[in-house]
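Please open the model in a viewer and keep the selection panel at hand. The stops below are meant to be followed in order.

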Amino acid sequence: MPSPETANAINLFRKAKVESQSATNADEFRVWYESFTAQFDLPEDAIVEQVGVGGVTAEWVSAPGVSENRAVLYLHGGGYMIGSSRTHRVPMFYLSKASGARILVLNFRLAPEHPFPAAVEDSLTAYRWLVAQGILPGNIVIGGDSAGGGLTLATLIALRYMGDPLPAAGISHSGWTDLTNTGETFITKAEEDPIIDREMVDTMAAAYLGNRSRTIPLASPYYADLRGLPPLLIQVGGAEVLLDDSLRTADRAKEAGVDVTLTRWEGMPHIWQIFANFLPEAQQALEECGEFIRKHTADI
């Protein structure tokens, strides 16, 4: 049974969706999302440090006392068009606290100014930068939400293909993994989902891919060869149109021999983890991620 706070989260999303429709271009859309997430208070003991990562900007977000040698490369959501390290500071603090790791939130280049494969290139650069800093691949986890969840899988696939040492694990929150947007839950969950609809993600897919095929594996990892990937934790809400993206991708990964943990959170909307400063289920989901990260990395 969802907590009473869930209604507040869903109402915030429904109001935000209406407000977002006044945006007439990508810049206005980005300002809307920055304003929406700015209402969530960052705990006073959060540590935020801006850093350059091979020509890409990023932020370290940490809780006090976390390990310097355990890191999460986090790829924010926003349909490859919006979002930043700022929009994700609050949930990343809770993830750092739960995992005992520093969280590197990457400001990868955004579409339509920087279409595919810019985001993948930037995530590869950031991962290699972490390794160059002396952090062992076995102490790095890559994670992300929504488009960032899909980008997480795309990054793992690209690293495997290029022969880089793979990180310890990957995490996807409500991952957007099929940019054809053909999952049945786009229909069955359309009324229940308070923030995402097919028109929105079709617009984002067009901005990111242009005239390219929407089944390109590094854009839609649902269509990729998933063999050889590290353990995955996939979290998805039961009240979102992207539910099928997670369910179907988890099935494909399991068929490919990947160690997959799928947790479906009934009643939760898309990327509910973003409400970590007041929603119990968001905190619990991030604690689950923290346990997963600790399990697959060394305590150095």
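**Central strands**

The tour begins with strands β3 (residues 71-75) and β5, which run parallel and are joined by 5 bridges. The model is predicted. Within this pairing, select Ala-71 and its bridge partner in β5, Ile-140.

Next, display the whole of β5, residues 140-145: the strand is mostly covered, with 6 of its 6 residues buried. Which residues lie on each side of β5? One side carries Ile-140, Ile-142 and Gly-144, the other Val-141, Gly-143 and Asp-145, and both faces are covered.

From β5, move to strand β6 (residues 169-173), which runs parallel to β5 and is joined to it by 5 bridges. Selecting Asp-145 shows His-173 of β6 opposite. Add helix α5 (residues 147-162) to the selection: β5, α5 and β6 together make a right-handed β-α-β unit.

Continue to strand β7 (residues 232-237), where 4 bridges provide the connection to β6, again with a parallel run. Here Gly-170 stands opposite Leu-232 of β7.

**The full sheet**

Now colour the strands by position. The sheet is open and consists of 8 strands in the order β1-β2-β4-β3-β5-β6-β7-β8, with mixed pairing. At the edges are β1 (47-53) and β8 (260-265), each of which pairs on one side only. From one strand to the next, the twist averages 20°.

Helix α3 (residues 89-99) is the next selection; it packs on the sheet and touches β1, β2 (56-62), β3 and β4 (102-106). The direction of α3 makes about 55° with that of β2.

Within α3, select Ser-96. Is this residue buried or exposed? Ser-96 has 0% relative accessibility and therefore counts as buried. Beyond its neighbours within four places in sequence, Ser-96 is in contact with Val-61, Ser-62, Ala-63, Val-66, Ala-101, Arg-102 and Ile-103.

**Aromatic pairs**

Show the aromatic side chains next; the count comes to 17 aromatic pairs. One of them joins Phe-40 and Phe-275 edge-to-face, at 5.5 Å centre to centre and with 85° between the planes. Phe-40 belongs to the loop between α2 (26-37) and β1, and Phe-275 to the loop between β8 and α9 (280-296), so this pair ties together parts that are 235 residues apart in sequence. Both Phe-40 and Phe-275 are buried.

A second pair to select is Trp-60 with Trp-129: the ring centres are 6.5 Å apart and the planes stand at 45°, so the pair is tilted. Trp-60 lies in strand β2 and Trp-129 in helix α4 (residues 118-132), which makes this a link between distant parts of the chain, 69 residues apart. Trp-60 and Trp-129 are both buried.

Then return to Phe-40 and Phe-275 and widen the selection. Ring pairs link these two residues with Phe-13, Phe-29, Trp-32, Tyr-33, Phe-36 and Phe-278 into a cluster.

**Charges over rings**

The last stops concern arginine side chains placed over aromatic rings. What lies over the face of Trp-60? Arg-102 does, at 3.9 Å from the ring centre. Arg-102 is also among the contacts of Ser-96. Finally, select Arg-248, which lies over the face of Tyr-222 at 4.6 Å from the ring centre.

Technical notes:
Residues numbered from 1 in each chain as written. Predicted model: local features only at pLDDT ≥ 70, side-chain atom pairs only at ≥ 80, totals over all residues. Heavy atoms only, no water. Buried < 20%, exposed > 50% of the residue type's maximum accessible area, 1.4 Å probe, protein only. Helix = DSSP H or I, 4+ residues; strand = E, 2+ residues; numbered from the N terminus. Pairing = 2+ DSSP bridges. Right-handed = clockwise from strand over helix to strand, strands pointing away. Axes fitted to C-alpha atoms, helices over the stretch in contact; angles between N-to-C directions. Contact = heavy atoms within 4.5 Å. Phe/Tyr/Trp six-rings, centres within 6.5 Å; stacked < 30°, edge-to-face > 60°. Lys NZ or Arg CZ within 6 Å of the ring centre and 35° of its normal.
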